[in-house]
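Subject: Structure for your review

Dear colleague,

Please find below the structure that I am handing over to you. I would be grateful if you could read the notes beneath it with the structure open beside them.

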Amino acid sequence: MESSILESIGQEIIGVMSPVSLCMLLVVLLVYSLSDSNPFSSSSAPIRTAANLVYLENPSDSTAQKLEGALLNALVFVILIAIVTFVLVLLYYYNFTNFLKNYMRFSAFFVLGTMGGSIFLSIIQHFSIPIDSITCFLLLFNYTIVGVLSMFSGGMPIVLRQGYMVSLGIIVATWFTKLPEWTTWVLLVALALYDLVAVLAPGGPLKLLVELASSRDEELPALVYEARPTVSRNEGNPRSTLGLLVAGVSDSGSVELQAVSNNNVRRDGAENRRSPEYTAIQVRNSENVEGERNRDEGERSPLVGHSRERYSSDSNSSEYSTVIHNRESETSVDEEMSPLVDLLGMDNEREHERRDSVVASRGIKLGLGDFVFYSVLVGRAAMYDLMTVYACYLAIISGLGCTLILLSVCHRALPALPISITLGVIFYFLTRLLMEPFVVGMATNLMMF
């Protein structure tokens, strides 16, 4: 029987929400800590990036100009992402796998080394940490090399890989939070819509990428966070849980299969060796009872009666069992192995192995972009007030939980940005425009403490 959805959804939700929450928390702390010493602060001149190629927002611009410029920036940025994603899909389709792996290694090295190094230097300057340049360079170099190896090499602990994936998301999100305000909000909404189309629409780039990886039975050529469930090796393994499989022809004419553990077999064998006289008497009594039952019901079932008559020349019992041994057990075979039982046993083993492989690969995979833009939303909210941070965090976690529940029901790849980003944006503006003035007014007039 297949396990219920609610039996494992709690563990899977916790396994994904914990790193997401940690990423958002650290981004908020970095935004508060580096707001004065960051090179992208509002006091410095605006720097043109891929997210604001068309329009550089100025505080003196009107609201219409800011909105129009933010829409143009978001449109250009989404088009660039779509073009790059289609190029990656084409490269993966024509088996340029090594090029994609080297590209991802270089991207991770660049982000950890340059962008992470800039944040590291900002932290050193802000907190006045006494450290020399050589030690700083060695620490940054080791951090970068170990991160690239842990994310793209085999044999590394999964915890180390998950930690570097979270740190990668923190670094990118911290830099994205320094975009202009209008560009940030419009860009988040545009990316949520793009994610919805790219994953669910026919011919979407992410949908094509997932289908190609599934058809080839390969990992996605992307930076994804894997929340693998903890599965015991003995769980669902017939070779460890199924000691013996006993089969026999019952009186109703059906084939009965019964699983017997190794402990029961060893215990029964020991009892038989200790009391052979009692065993012989028990066998004789059972033979007499079964013999009378066979004579009474032989006319009722010709097929079963024929099978019993055929085997009666070799033994006096009315029921014959076939024992299929585990590799680890060393008991003897009582009778000739039935082809039907052998076939059923092989099918059962294949079914268990198939379920094991499905369970082993059932871990939820969350893209690095989801970590980044969740944290960007919370980091932008942290620039206004902590009340908006709490509201946006609860909205994002609620949307992620809804997405994971839909994932367990639909059993297909789903976009993780639309629900969470939509709820986060709505909660941010509701809190900023309605809840925050109400709470501040109540507290100022000493009506609420």
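The notes that follow go from the whole chain to one helix, one cavity and one residue.

Please bear in mind throughout that this is a predicted model.

The chain as a whole

The chain contains 15 helices and five strands. It has 449 residues, of which 37% count as buried. Its exposed surface comes to about 26,600 Å², and carbon and sulfur atoms supply 62% of that area. Among contacts in the chain with a separation of 6 or more, 73% are between residues 24 or more positions apart.

Helix α5

Helix α5 covers residues 158-176. Its length can be checked by a short calculation: the expected span is 1.5 Å times one less than the number of residues, so the 19 residues of α5 should span 27 Å. The C-alpha atoms at the two ends of α5 are 27 Å apart, which agrees with that expectation. As for its surroundings, α5 is mostly covered, with 14 of its 19 residues buried.

The cavity

One cavity of 30 Å³ or more is present in the structure. The volume of the largest cavity is about 30 Å³. Its lining is formed by F176, L179, T184, L187, L188, F373 and V376. Two helices, α6 (181-200) and α13 (368-382), each contribute at least two residues to this lining. Of the elements involved, α6 gives the most, with three residues. In character, the lining of the largest cavity comprises six nonpolar residues, one polar residue and no charged residue.

Residue A70

I would also draw your attention to A70, which lies in helix α2 (residues 63-93). Is A70 buried or exposed? The cut-off for a buried residue is under 20% relative accessible area; A70 has a relative accessibility of 0% and therefore counts as buried. Which residues is A70 in contact with, leaving aside its neighbours within four places in sequence? They are Y55, W182, T183 and V186. A further residue to look at is E57, 13 residues from A70 along the chain. The C-alpha atoms of A70 and E57 are separated by 8.1 Å.

When you open the structure, you may wish to begin with the cavity lining, which includes F176 and F373, and then turn to A70 and its contacts, among them W182.

Yours sincerely

Notes
Residues are numbered from 1 along each chain as its sequence is written. This is a predicted model: local features need pLDDT of at least 70, side-chain atom pairs count only at pLDDT 80 or more; totals for chains, interfaces and linings use all residues. Side-chain values use heavy atoms; hydrogens and water are left out. Helices (H or I, at least four residues) and strands (E, at least two) are DSSP runs, numbered from the N terminus. Buried means under 20% relative accessible area, exposed over 50%, partly exposed in between (1.4 Å probe, protein chains only). Contact means heavy atoms within 4.5 Å. Accessible areas come from the Shrake-Rupley method with a 1.4 Å probe; for residues, only the protein chains shown count as cover. On a 1 Å grid over the protein atoms alone, a cavity is a set of points where a 1.4 Å probe fits but cannot get out, and a pocket is an open set with protein on both sides within 12 Å along at least five of seven lines; lining residues have an atom within 4 Å of a point. Grid points are joined across faces, edges and corners, and a volume is the space filled by probe spheres set on the points. Ala, Val, Leu, Ile, Met, Phe, Trp, Tyr, Cys and Pro count as nonpolar, Asp, Glu, Lys and Arg as charged, and the others, Gly among them, as polar.
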